[in-house]
Amino acid sequence: PLLDLLDDTGRSDVDNITNNATPLMSMTTSDPNAALAQVLFTDNLKFRGYDRFDTNAGTLVYDSAVDGLADNDATPGDMFTAATQLTRSLALGAEGSHNLKLEVEDRAGNISDDFLLEVIVDQTPPPASFGLPAAASVVDGLAADSDSGVANDADTFADRVTNDATPRLWGRAEADAIVQVYLDQNSDGQITVGTDAFLGQTTAVPLDGNDAYPNGYWELTSALDLNQVAGLPLDGLRSLLVTAEDVAGNPGVVEGEAVAADQLDIFLDTQGPQVTEIRVNDLPVEDYNLFDQKPSVSGPTPLITQLVIDFTDLPNRLAADFVYDALQNDVAGNAANYLLVGDHVGIVAIQSAAVTASSVADGAPATTTVTLTFADPLPDDRFTLTFADDLVDPAGNAVDGESTADET
């Protein structure tokens, strides 16, 4: 006899792992004495299937003698069948390993050799998470080399603010499960194929594991640039979703159906701070705007001992996790990151740089003011103000070199 699992769900049709607790089975045999038996009887066979689950000795799960459909082939009521192949659903029930045995008996009492088949029933969706699955680790999942920041400030490398538009992600999942990551475009916290953007797929290692090893590891790099997804603004919040499908096919992602998923929020920031204004001695900008062709007020320009620089940094911040300064303040307060050079007098000594004002609010860009103080008033000259590459926002983006603060 031969016993074959027809409802072999999941990625393989031949591994005998299924999420169907009443799988369809094919039972096949041959009768070497069929010609002789049919001289006396129209039918000659009985099929019996047994299930040994865990430690039980074996439970009868199918008997063709009490199967009216089988008994009707060919003489009804005699508890035998003329069929040499039967397809039936077997009620296996509990999850786990089912050792199935098929035997076939003829009218003379001859019983075939046993045919044994192990079928594993697995109906439990596999665990999958960004980072570690513990509740205390809900902000894990963005790989260290993708969580951009500022040198010597460890906090900026663990804030989920990044200038990497194709970030590398990691997490845990049942070993040998197929892991898929999506961008939650409708913000419902669930994966909907056809609505949410697919970012990538991998398989959790070790590859020879299953539900017996739930703590596998996965990682992948987004296949899409998160700033080039249709319908999304440049930079800002990106909600990522992860799900896993185990070898048995649980839970499976179906077109149009929402699937529960673990979520990781990251904040994409690829734009450097920009200079919006430079003032002298902190006088009102309408009085001495260095970019006007002529002074806005009558009289000589006062002695300049300070330049006051206003910065703004996009994208708009988002409470409560993603509210951060326009500049990395300890770097912005280092006078060595500014260079003022006159056409005739050369380099001007900057006595100090002070971050004198900062505004960070939900739904608005961050702004910061830096005041440069000189040891002596500036002489008459034309000056060029240059910012060092070290002058960055907390995401690691340098000040925009195209700003209007390049020349004064």
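**Exercise 1. Backbone at N152**

N152 lies in the loop between β9 (128-130) and β10 (161-162); work out what is unusual about the phi of N152 and whether N152 is buried or exposed.

*Solution.* Ground rules first. The model is predicted: local features need pLDDT of at least 70, side-chain atom pairs count only at pLDDT 80 or more, and totals for chains, interfaces and linings use all residues. Residues are numbered from 1 along each chain as its sequence is written, and side-chain values use heavy atoms, with hydrogens and water left out.

Step 1. Helices (H or I, at least four residues) and strands (E, at least two) are DSSP runs, numbered from the N terminus.

Step 2. Most residues other than glycine have a negative phi, and most peptide bonds are trans. N152 is not a glycine, yet its phi is positive, about 70°.

Step 3. Buried means under 20% relative accessible area, exposed over 50%, and partly exposed in between (1.4 Å probe, protein chains only). N152 has 85% relative accessibility and therefore counts as exposed.

Step 4. Set M79 beside it. M79 is not a glycine either and has a positive phi of about 70°. The loop between α2 and β6 holds M79. M79 is partly exposed, with a relative accessible area of 39%.

**Exercise 2. Cis peptide bonds**

Which residues does a cis peptide bond join in the loop between α2 (68-71) and β6, and which residue pair ending at P251 is joined by another?

*Solution.* Step 1. D73 and A74 are joined by a cis peptide bond with omega about 15°. A74 belongs to the loop between α2 and β6.

Step 2. N250 and P251 are also joined by a cis peptide bond, with omega about -15°. P251 sits in the loop between β16 (236-245) and β17 (258-260).

**Exercise 3. A three-stranded sheet**

In what order do the three strands of the open sheet with β1, β3 and β6 run, and which are its edge strands?

*Solution.* Step 1. Two strands pair if DSSP finds at least two bridges between them.

Step 2. The order is β1-β3-β6, and the pairing is antiparallel. β1 (2-5) and β6 (85-89) are the edge strands, each pairing on one side only. From one strand to the next, the twist averages 20°.

Step 3. β1 and β3 pair over four bridges, with L3 opposite M27 in β3. β3 (residues 24-28) and β6 pair over five bridges, with S26 opposite T87 in β6.

Step 4. In a regular strand the side chains alternate between the two faces of the sheet. Along β1, L3 and L5 point to one face and are buried, whereas L2 and D4 point to the other and are not.

**Exercise 4. A hairpin**

How many residues lie between β23 and β24 in their hairpin, and what is the bridge partner of S358?

*Solution.* Step 1. β23 (residues 350-359) and β24 (residues 366-374) pair in the antiparallel sense over eight bridges.

Step 2. Six residues lie between the two strands, and G363 in the turn has a positive phi of about 80°.

Step 3. S358 has T368 in β24 as its bridge partner.

**Exercise 5. Salt bridges**

Find the salt-bridge partners of R168, R317 and R382.

*Solution.* Step 1. A salt bridge is a side-chain nitrogen of Lys or Arg within 4 Å of a carboxyl oxygen of Asp or Glu. The whole structure has twelve.

Step 2. R168 pairs with D145, the closest N and O atoms being 3.2 Å apart. R168 lies in β11 (residues 168-173) and D145 in the loop between β9 and β10, so the pair ties together parts 23 residues apart in sequence. R168 is partly exposed at 24% relative accessibility; D145 is exposed at 56%.

Step 3. R317 pairs with D313 at 2.7 Å between the closest N and O atoms. Both R317 and D313 are buried.

Step 4. R382 meets D343 at 2.8 Å, N to O. R382 lies in the loop between β24 and β25 (383-387) and D343 in the loop between β21 (338-342) and β22 (346-348), so this pair ties together parts 39 residues apart in sequence.

Step 5. D43, D78 and R107 are linked in a salt-bridge network.

**Exercise 6. Overall form**

Why is the protein described as more spread out than a compact globule?

*Solution.* Step 1. The protein has three helices and 25 strands.

Step 2. The radius of gyration is taken over C-alpha atoms; the globule rule is 2.2 Å times the number of residues to the power 0.38. The radius of gyration is 36 Å, well over the 22 Å that the rule gives for 408 residues, so the protein is more spread out than a compact globule.

Step 3. Along the principal axes, the C-alpha atoms fill a box of roughly 130 × 35 × 30 Å.

Terms used:
Axes are lines fitted to C-alpha atoms, for helices over the stretch in contact, and angles run from 0 to 180 degrees between N-to-C directions.
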